Amino acid sequence: MPDVQSMVAEFVNKLRKRKIEGSQATAKCTVELLRSVISHQRVPHANQAAALIDAVKAVGQQLVAANPVELAVGNVVRRVLHIIREEDLSLTTAAMAGLDLLDASDDDDIDNCKGIGYPAMSAAVVAAAARSTLRPPSLQTLLEGTPESATVPYTSSSGADSESKTADKSSLTRKLKHDVIEGVNQLIHEISGCHEQIAEQAIEHIHQNEVILTLGSSRTVLEFLCAAKEKKRSFRVFVAEGAPRYQGHLLAKELVARGLQTTVITDSAVFAMISRVNMVIIGAHAVMANGGVIGPVGVNMAALAAKKHAVPFVVLAGSHKLCPLYPHNPEVLLNELRSPSELLDFGEFSDCLDFGAGSGSLQVVNPTFDYVPPNLVSLFITDTGGHNPSYMYRLIADYYSADDLVM
Amino acid sequence: MESRRNPRAVVDPKVRQVGFFTSSQPDSSSTQQQTEPISASASASSPPVSTISPSGNSLSPVMIPPPRLNSSDTFPLRNAAAGATSAVSPSSFSYSNRRDFPDGSTTASPGRHSRGSFVKSSAPVASSLPGIGMDSMAAAKSSSVPASGLTTVSVVTMPPGLAENASGMEVQSDQKKNSKSLKEKTTKAERRAIQEAQRAAKAAAKADGGKVPPGTSASLASTSVKVAKPAKPSTQKNEVAVSAGVTEKKGGPSEKDRKKDAPHPRMQYDDESRVVKAKRRAVVKQTEAKNRVELFRHLPQYEHGTQLPDLEAKFFQLDPMHPAVYKVGLQYLSGDISGGNARCIAMLQAFQDVIKDYSTPPEKNLNRDMTSKISSYVSFLIECRPLSISMGNAIRFVKNRIAKLPITLSESEAKAALQSDIERFINDKIIGADMVIVKHAVTKIRDGDVLLTYGSPTAVEMILLHAHELKKKFRVLVVDSRPKLEGQLLLRRLIKRGISCTYTHINAISYIMHEVTKVFLGASSVLSNGTVYSRVGTACVAMVASAFRVPVLLCCEAYKFHERVQLDSICSNELGDPNAISKVHGREDINYLDGLTNNANLQFLNLMYDATPSDYISMIITDYGMVPPTSVPVIVREYQKEHLLV
């Protein structure tokens, strides 16, 4: 499948060169690429889910390595993996409907003892495990004492190669792939439709005569504000210009085109103006599992100022931005430094760049993102509704398998 | 001190009064007549307190000048006039090419400001006159007479219209509608009678210790309201239009007029009639920006780039303006001089030149005449750019010195004394203070420190350079912000001196704050509640620093301290050029907002200052030592006297 290879290579290249801007666009491209990877993947009779997972993982690792800061790529890869697992699971459970649970857990123990690379489990156990991770544990499963090992990450694999696979399994061969692609299509639909989903909630959060501060250029925020405007709410928007990329100008232009009262302020005036602002609404670049937010640079400043003045700080994020990872030193590790030329004109300062004796050195720092710790965020609005920062980990768990957290 | 405090004490009620007065035609003429003499005497002689006793303010009807009612021009017509004036401007003027705007752009802006002399109707003119009266009263009040005493006096001696007015808000709305009929009802004799009654009341009040019994003015007010009852209502809109249509007097304003209508340093620009009044007198024809941010209506926002050629064209008409002051004003206007200390020193040096070239006109007192001259210069400077608080303090100092000159001194001695006083102020309070601050602050810099500074504060720059000379090893993070990008200049100077620097913009402050060990900031002023009034963005830097537990050291000379208090950055601020925001200098690719600048839905807000709450400041380094922000009122209180005496 050379065409897929080349597509992957091309996309990796784009990611590396930062040709794709915005997490939504990236997510969409990624998921489309993965769909073609899956559809081109030849599935063996035996162990098809595992084969798909391996293929997706291999591609996913390349993509993530190409731009580790664009967390949406990793999120989408994990989502696809999750879809494969889910579909496989539902097929297997359908097939194994009558299998005895006790036997299965015995098998599990034995297999674990054998120490096979992919510890084999019966599909039923996987089902039970999935049930315990994805759905609220039912009283029955709690009482039956399903093996804890099922939730442990290293049992990472499908139950496809359990010895209980039978002839009826092979009849499902085509169905799995079909179902997975169906699921991926749904994901694409979800990603492209997240704006509308979020914007629908605007009216619940924006009241008449509100003053809203926003920052950076986010399509989600734009749609959100415009949705409120269409519902005949009148309010004014302060837009911080977001130097050195001036995304705020872009957003202001769009807002004005849609007829909203817009005021562009300098980034330095954020603190001065925040006392007259009713709400800060920003679009996230990524939402971490602890409820922290990675957003356009300058967001942390606005969040601190909002906290100081008790102004609600609302983050809009489509579900593809929910990242299952917990951040460590995200200001530095999940950040990206852009060209100094956005800040200083090289022509003007080239004479200062002579690091010879007697003159000081000059460094220019131009980060792209900013991290807002969860205690500064008042509310997340995702396509599934509003959530508290402390709840994000649970919401995120709904979208991903625990097995895929480490790719 | 008084020159700042007293007007403030009376400004607020005055603002309300004006709204009422705009429609009170008949009264206005009487008010005008009554108050004119005051202004003549009071403003000319403001500082020497003894010469103006409260009784000296009482009005003598003998001195009534002829009412100036005639010339008037209408609103749209003056627009054309504005275009004409600006078109005259010579292109050879050196500053004019600094701006992107063609000279003719004035034509597009509302021409309220212009001095065109299209005479149209005389009806609305009278409405403007009470305003003048009020203003002259303000001038009288701004003399060093204690504010409270003056207020009471003026309440009592006022003619009925004024008395009503001063007596409070509650009657104001009725009067707005009714005052027009007042004149028809009261003949001259009646007015005289009322005045007599008031004078008697005043005498009684003085006997009571200078305080008016609250009943007096209230009853006066109520009677006048009763008198004014049967009247035809006129709509608010009309009044506004009328006040906007206020015009030039015949022959242009004399210097005295200009001085007495000097824009108050903290004038509220949302009050239309006051704005109109101030404009009429203004030397610098600032064009009001059309598209303004609602929250900041009370601050002046001008179209930038149109005034310089206009002003240049008028140079020879402004004979009383001293060239040194004129030059400094232009430098403020064009932004060539910025920064609190630089502006203050430039102004003081201009005043030195003024004093050097000064000669007392015959039959005038040096103290009074020079004070009034300085006041008129100050009002010119305010028109060019609003005063900084430090400049206000310096002006107060100069006026105080002039007022305190012994009468026995000859003119040349007095001039020499004043010049050396000003010289000493510059040397001690500004330059000397900076040196002391540097000495203190350098002790706080250790080897291996990473120091962050924001913008381009002169004091901090001196500290860094001095520490570098002492061979301390440290690194400097220069944080900058649009649109001024002053940090780049600082960066260049520091690098030239061999200091290692990191440059970034204010958005990235959270990113770099991890490595910072100390933050050094400058200030435009420190207010007595500990709030730091400084270049916009300082509050953000201080906030992030305190969130990261990094100490914030603020360097500020004590002459910039002020007893005013402020909680937010909105009530008092300065607005910069909004076009500086829409255009990104040096980045042609950022042009999203081209062509949208006139869209009614889009405003640009270019704040110049912000107020940093005192809890973000760890320490203030000043010439009296290193103090916590809570000690600012102590310094203001303890050293204010010394400050004025030097």
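This is a short exchange about a predicted model, covering one leucine, one set of strands and one pocket.

Biologist: Why is Leu464(B) called buried?

Modeller: The relative accessibility of Leu464(B) is 1%, and since buried means under 20%, Leu464(B) therefore counts as buried. Leu464(B) belongs to helix H19 (residues 458–469) of chain B.

Biologist: Which residues does Leu464(B) touch, leaving aside those up to four places away in sequence?

Modeller: The contacts of Leu464(B) are Leu451(B), Phe474(B), Val476(B), Leu494(B) and Ile499(B), where contact requires heavy atoms within 4.5 Å. For Val476(B), which is twelve residues from Leu464(B) in sequence, the C-alpha to C-alpha distance is 8.4 Å.

Biologist: What makes E7(B) and E8(B) a pair of strands?

Modeller: Pairing requires at least two bridges, and strand E7 (residues 525–527) and strand E8 (residues 532–535) of chain B have two, in the antiparallel sense, so the definition is met. Ser525(B) stands opposite Tyr533(B), and the hairpin leaves four residues between the strands, with Gly530(B) in the turn at a positive phi of about 90°.

Biologist: How do you know that E8(B) also pairs with E12(B)?

Modeller: Four bridges join E8(B) to strand E12 (residues 609–612) of chain B, again antiparallel, and because at least two are needed, the two strands pair. Here Tyr533(B) faces Ala611(B).

Biologist: What is the lining of the second largest pocket by class?

Modeller: The lining has 14 nonpolar, 18 polar and eleven charged residues; among the 43 lining residues, Glu21(A), Gly22(A), Ser23(A), Ser217(A) and Gln247(A) lie nearest the centre. The volume of this pocket is about 970 Å³.

Note on methods:
Residues are numbered from 1 along each chain as its sequence is written. Chains are lettered from A and ligands numbered from 1 in the order in which they are written. This is a predicted model: local features need pLDDT of at least 70, side-chain atom pairs count only at pLDDT 80 or more; totals for chains, interfaces and linings use all residues. Side-chain values use heavy atoms; hydrogens and water are left out. Buried means under 20% relative accessible area, exposed over 50%, partly exposed in between (1.4 Å probe, protein chains only). On a 1 Å grid over the protein atoms alone, a cavity is a set of points where a 1.4 Å probe fits but cannot get out, and a pocket is an open set with protein on both sides within 12 Å along at least five of seven lines; lining residues have an atom within 4 Å of a point. Grid points are joined across faces, edges and corners, and a volume is the space filled by probe spheres set on the points. Ala, Val, Leu, Ile, Met, Phe, Trp, Tyr, Cys and Pro count as nonpolar, Asp, Glu, Lys and Arg as charged, and the others, Gly among them, as polar.
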